[in-house]
Every structure is written in structure tokens, then in C-alpha cells.
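Please read the following briefing alongside the sequence and the coordinates. The points are grouped by topic.

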Amino acid sequence: MLETKGYAAFDPNSPLAPFNFQRRDVGPHDVLIEIMFCGVCHSDLHTAKGEWGGAMYPVVPGHEIVGRIVRVGDHVKNFRVGEIAGVGCMVDSCRTCSSCQDGLEQYCEKGFIGTYNSPEAGLDTPTYGGYSNQIVVAEEFVLHIQENQDLARVAPLLCAGITTYSPLRHWNVGQGHKVGVVGLGGLGHMAVKLAAAMGAEVTVLSTSPNKEADAQALGAHKFVVTKDQEALKQVRGYFDFIINTVSAKVSLDMYANLLRRDGTMILLGVPPEAPELHAATLIFGRRRIAGSLIGGIAETQEMLDFCAQHNILSDIEVININQINTAYDRMLAGDVKYRFVIDMSSLENTSA
Ligand code: NAP
Ligand code: ZN
Ligand code: ZN
């Protein structure tokens, strides 16, 4: 077993704190990654605080992982020691069901193995995520990362990037489409960059008036403060697609009314409480509500290559691991510009 240092949530209410634990040895098909950077996703917070239920404490969150491969198993084919690699939200799946066969491991019929808070095969401990100094992952779930990039800014692509890229591709979003992005946080800012790069006209729908200049700098063409009823009226029936990233309970009617006939709102945010929606909002206008979960492994590699080619990176604030609790408080206050990324070398100065 490999002695590993990390940070964990021990219960729903206490701050995250240092936690030493063991990872499995490097198997024949595994790689060992020394973690350099890990992004901070709102899902980490939902899980750490037990908001979704089912938290297996201690929870070591983190599924936006970039690091260097320091060991490979005997049968590893596609990775070498010294390479930069990434790990996103999944570390395994059944690999045999129809979703897995279709490259849609995120919809694995047996349930994919999450990077954290999932049962770990052969061990009586759960999987532990990227708020740690190293991770062992089967090579099939490891991504190639081009080294000549700002790697801290690449980390958030592993969740925020793929979660927004996948639905944009699935619905063939591009030139001629009007896209609304609800919530300018980690997912939202990537949705703006990606939808703009695909040729769509992008409008940010935000509760924070002070994010307007940033939205434009990120590539948005319009900015609407959703508390401003007049501004909202201007975009009624306007959008072909709305990407909804809101992490808190909101009325879906307000947003769905901004869709044109046959428009689609794609839900990405997972608020702990169910949102409200009147059937009539969909019926008048034949509108649709859909959902989308991260993306498959092959699609994640496609997204990383697309971003490298178009020079798309996350806008980030780098923190040390001992600032994680403040980062969570700021995330809850909507004060994220636009993703926190932990410099994992800061773990060296902590002890459990
Ligand atoms: P985030 O960085 O905290 O961004 C969420 C944004 O939503 C905020 O910045 C804020 O933007 C807006 N918002 C927050 N509270 C709101 C409220 N009460 N009313 C209206 N808008 C509000 O979070 P994130 O990391 O992007 O994650 C967003 C959600 O997606 C979370 O629920 C997360 O668990 C989920 N998620 C889903 C998937 C998936 O596969 N579907 C993957 C990753 C994450 P403004 O200031 O602009 O209003
Ligand atoms: Zn995430
Ligand atoms: Zn499967």
C-alpha cells in the first residue's frame, strides 16, 4: 500500500483537515500520478457537506487532477513515466454494459466508480480524490495532457470543461445558435468559452451585476442580470439553448420562459433540493428540459485536445490546501473567479 497525504472532510460540518491514508499498490494496468494541481468543484462542496447524502467520511474530494506520472504497471501501454496526465470524475466503470461500450462510461448501467466517495474494488475504504499528493488509476481512465500549457489552468477542464463541452457537442451547438449560460462560476465560465469557440452567440444570465466585464472578457456577447425584470423581458423566447449551472434551488420557469419554440434547457447544476417547474412553461412553446452528466473518457480527451488547439484554459485563483475552507465559503457566496485550483505542493507543509 502507498502512504498518501491529503485533506478530508470528516463530517458535514467541520472544516476540512489533514488526513493520511493508504492507496492501493500500482497494479499491472495502473499508473501512479504525483498530483501537481487539483481544481475545486462545487460538487466537492456538496459531497463534503453531505448535501447529496451518501457521504462515506472521511471524504477526500477533488476530481480535476493534473500531475506527473511517476510509476507505471507492467502492462501499461499508453503512458510513460515523466508524462503529464489528468484524471477527472471517474476512475473506473463496468466496461461491459452498453453505455461503457458506447464510450459513455459516465452513464455506466452499474454506476461508474467516482474519483472520490465511491466503493474501491478489493478495499474496504472508499475512493479518495485529488486533494492529495498522489493517486493510482487504471490507465484506461487517465487522460493525456499537453505539457506546454499552464497546467494549473488545465486542471478545471477535467470536470468543468468536459461537463460543459459534452452537452454543447451532443446538441450540435454552433454558428447561428443563441446560447444562454445561467451562473457564471466554474462550469459557467467554461460554457461561455466553449460555446463562443464553437461559434454560438453567448449570453450570460447572472445574479451578479459585477461579473459583466469578466463575462465579456471570457467571450460572452451579452450579459443579463436576472434580477432586472426589464432586462429579462428583452430575452424572453430568445434562446435556442440554455446551459443551467446553478448549484442552488431556483425556479426553472423563469429561465425556461427565455427559450424560443423548441428550445432546450440543459441542466448541469445539481441543487440538493428539487426545483420548481410548471408544465405550462414547457407546453406553450414545445420547450424541452434535459440533463447531462460530465462526459466519457474518449470525449474528455477530445475536449482536452480541442482546448489545447484553441488555447482555451480556465480562469483561476491558485490557493494552498490550507485555504480550502475559505475557498468553500467564497464559493457559496458566488465569489469565485472562476475556479479555485489547489497547488498541491502546499500539502508538504501540513501534517495530520
Ligand atoms: P460554482 O462555481 O459555485 O458556480 C455556480 C454559479 O451559480 C455561481 O457562481 C452563481 O453565478 C450561480 N448561483 C449560485 N447560487 C445561485 C442562486 N441561488 N441563484 C441563481 N444563481 C446562483 O459551481 P460549479 O462548480 O460551476 O458547479 C455548479 C453546479 O454544477 C453544482 O451543483 C455542481 O455540483 C454541478 N456539477 C454538475 C456536473 C454534471 O456532470 N452535471 C459536473 C460538475 C458540477 P452568478 O453569480 O453568475 O449568478
Ligand atoms: Zn466536478
Ligand atoms: Zn458500464
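**Zinc sites, buried positions and charge pairs**

In sequence, the donor residues of the zinc ion (ligand 3) follow the spacing C-x2-C-x2-C-x7-C. The model is a predicted one, and every value below is computed from it. A further zinc ion (ligand 2) has donor residues spaced C-x21-H-x95-C, and the structure also holds 16 salt bridges.

**The zinc ion (ligand 3)**

- The protein donors of this ion are the SG atoms of C94, C97, C100 and C108, which lie 2.3 to 2.4 Å from the zinc ion (ligand 3).
- The arrangement of the four donor atoms is tetrahedral because the angles they subtend around the zinc ion (ligand 3) run from 105 to 119°, and four donors count as tetrahedral if all angles lie between 85 and 135 degrees.
- For four tetrahedral donors, the ideal angle at a metal is 109.5 degrees.
- Two of the donor residues can be described by their accessibility: C97 counts as buried at 8% relative accessibility, and C100 is buried with a relative accessible area of 8%.

**A nonpolar surface patch**

- Y107 lies in the loop between α2 (98–101) and β7 (113–114), and with a relative accessible area of 36% Y107 is partly exposed.
- Together with L104 and L293, Y107 forms a nonpolar patch on the surface, and the accessible area of these residues together is about 230 Å².

**The zinc ion (ligand 2)**

- The protein donors here are C41 through SG, H63 through NE2 and C159 through SG, and they lie 2.0 to 2.3 Å from the zinc ion (ligand 2).
- H63 and C159 link distant parts of the chain, being 96 residues apart, with H63 in the loop between α1 (42–48) and β4 (65–72) and C159 in the loop between α3 (151–154) and α4 (160–170).
- H63 counts as buried at 8% relative accessibility, and C159 is likewise buried, with a relative accessible area of 4%.

**Buried positions in helices**

- T300 is found in helix α10 (residues 297–309), where T300 counts as buried because its relative accessibility is 6%, under the 20% cut-off.
- Leaving aside residues up to four places away in sequence, T300 touches L143, L158, I162 and G295.
- A327 has its place in helix α11 (residues 324–332) and is buried, with a relative accessible area of 2%.
- With residues up to four places away in sequence again not counted, A327 touches I319 and F340.
- The C-alpha atoms of A327 and T4 are separated by 23 Å, and these residues are 323 residues apart along the chain.

**Salt bridges**

- Side chains of opposite charge can pair when their charged atoms come close.
- The side chains of E302 and R169 meet in a salt bridge at 3.9 Å, N to O, and this pair links distant parts of the chain, with E302 in helix α10 and R169 in helix α4, 133 residues apart.
- Both partners count as partly exposed, E302 at 40% relative accessibility and R169 at 32%.
- D262 and R261 meet through their side chains in a salt bridge of 3.1 Å, N to O; D262 is partly exposed, with a relative accessible area of 24%, whereas R261 is exposed, with a relative accessible area of 56%.
- Elsewhere, R24, D30 and E120 are joined into one network by salt bridges that share partners.
- Within that network, the side chains of R24 and D30 meet at 3.0 Å, N to O; R24 is partly exposed, with a relative accessible area of 24%, while D30 counts as buried at 7% relative accessibility.

Key:
Residues are numbered from 1 along each chain as its sequence is written. Chains are lettered from A and ligands numbered from 1 in the order in which they are written. This is a predicted model: local features need pLDDT of at least 70, side-chain atom pairs count only at pLDDT 80 or more; totals for chains, interfaces and linings use all residues. Side-chain values use heavy atoms; hydrogens and water are left out. Donors are N, O and S atoms within 2.8 Å of the metal (3.2 Å for Na, K and Ca); water is not among the atoms, so sites may look incomplete. Four donors count as tetrahedral if all angles lie between 85 and 135 degrees; four count as square planar and six as octahedral if opposite donors are over 155 degrees apart and all others between 65 and 115; anything else is irregular. Buried means under 20% relative accessible area, exposed over 50%, partly exposed in between (1.4 Å probe, protein chains only). Patches are made of residues with over 30% relative accessible area and no salt bridge: like charges are joined within 9 Å, nonpolar side chains (Val, Leu, Ile, Met, Phe, Trp, Tyr) within 5 Å. Accessible areas come from the Shrake-Rupley method with a 1.4 Å probe; for residues, only the protein chains shown count as cover. A salt bridge is a side-chain nitrogen of Lys or Arg within 4 Å of a carboxyl oxygen of Asp or Glu. Helices (H or I, at least four residues) and strands (E, at least two) are DSSP runs, numbered from the N terminus. Contact means heavy atoms within 4.5 Å.
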